[in-house]
Amino acid sequence: EYCTEFARRMLEDVGEFYPFGAEINASRELAALGFSDGEERPLPQELYSYAQNVLTQRAASGEVLGAAIAANVDIPPQLDPTYPDGIRVHVESEGFCRLIYLPYAIGRSGLFGRNRTIKYDDMLGVDVPPIIFAKTV
């Protein structure tokens, strides 16, 4: 929920976002996560892989009980989304792994199209094999 809401806010404010995440740490507290691979303008796919690696290490060491990574993606057509663009949140804990897609379409309104409007559709969920907690099972 945290990741979906923050991604919505970023889309509404600036129209895009880099991958980011959240975790439930060993103290059972929610913590927001930003990731940096040291590049000023990282490639989103590389930043996503970096985030997965960081969270996989944290899960293996027992520092994290649950993790989520949000990304701005093209939704696979086989899921038959209403809109091709989507927020994807990879949610994972020990014994649970799912990709949740929130389809969206960005439009423009107002004088000279200055106002960004976003339409969202229903979320789509897909169970997938674990990545972050794969080595803890």
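What percentage of the 137 residues in the protein do buried residues make up? Buried residues account for 35% of them. Keep in mind that this is a predicted model.

**View 1. The whole chain, with its run of helices and strands.** The protein has two helices and seven strands. Starting at the N terminus, the elements go α-β-β-α-β-β-β-β-β. So the chain opens with a helix, follows with a pair of strands, and then has the other helix ahead of the remaining strands.

**View 2. The overall dimensions.** Taken along the principal axes, a box of roughly 55 × 35 × 25 Å holds the C-alpha atoms of the protein. The radius of gyration is 16 Å, and a compact globule with 137 residues would come out near 14 Å, so the two agree.

**View 3. Contacts across the sequence.** Take the contacts in the protein between residues at least 6 apart in sequence: 49% of these join residues at least 24 apart.

**View 4. The outer surface.** About 8300 Å² of the protein is exposed. Carbon and sulfur atoms supply 49% of that area.

**View 5. A nonpolar patch on the surface.** Ile24, Leu30 and Leu65 make up this one, and it covers about 240 Å².

**View 6. Leu30, one of the patch residues.** Leu30 sits in strand β2, which spans residues 30-34. Is this leucine buried or exposed? Leu30 counts as exposed because its relative accessible area is 54%, and the cut-off for exposed is over 50%. Leu30 shares the nonpolar patch with Ile24 and Leu65.

Key. Residues numbered from 1 in each chain as written. Predicted model: local features only at pLDDT ≥ 70, side-chain atom pairs only at ≥ 80, totals over all residues. Heavy atoms only, no water. Patch = residues over 30% accessible without salt bridge, like charges linked within 9 Å, V, L, I, M, F, W, Y side chains within 5 Å. Areas by Shrake-Rupley, 256 points an atom, 1.4 Å probe, with all protein chains shown as cover. Salt bridge = Lys/Arg side-chain N within 4 Å of Asp/Glu carboxyl O. Helix = DSSP H or I, 4+ residues; strand = E, 2+ residues; numbered from the N terminus. Buried < 20%, exposed > 50% of the residue type's maximum accessible area, 1.4 Å probe, protein only. Rg over C-alpha atoms; globule rule 2.2 N^0.38 Å. Contact = heavy atoms within 4.5 Å.
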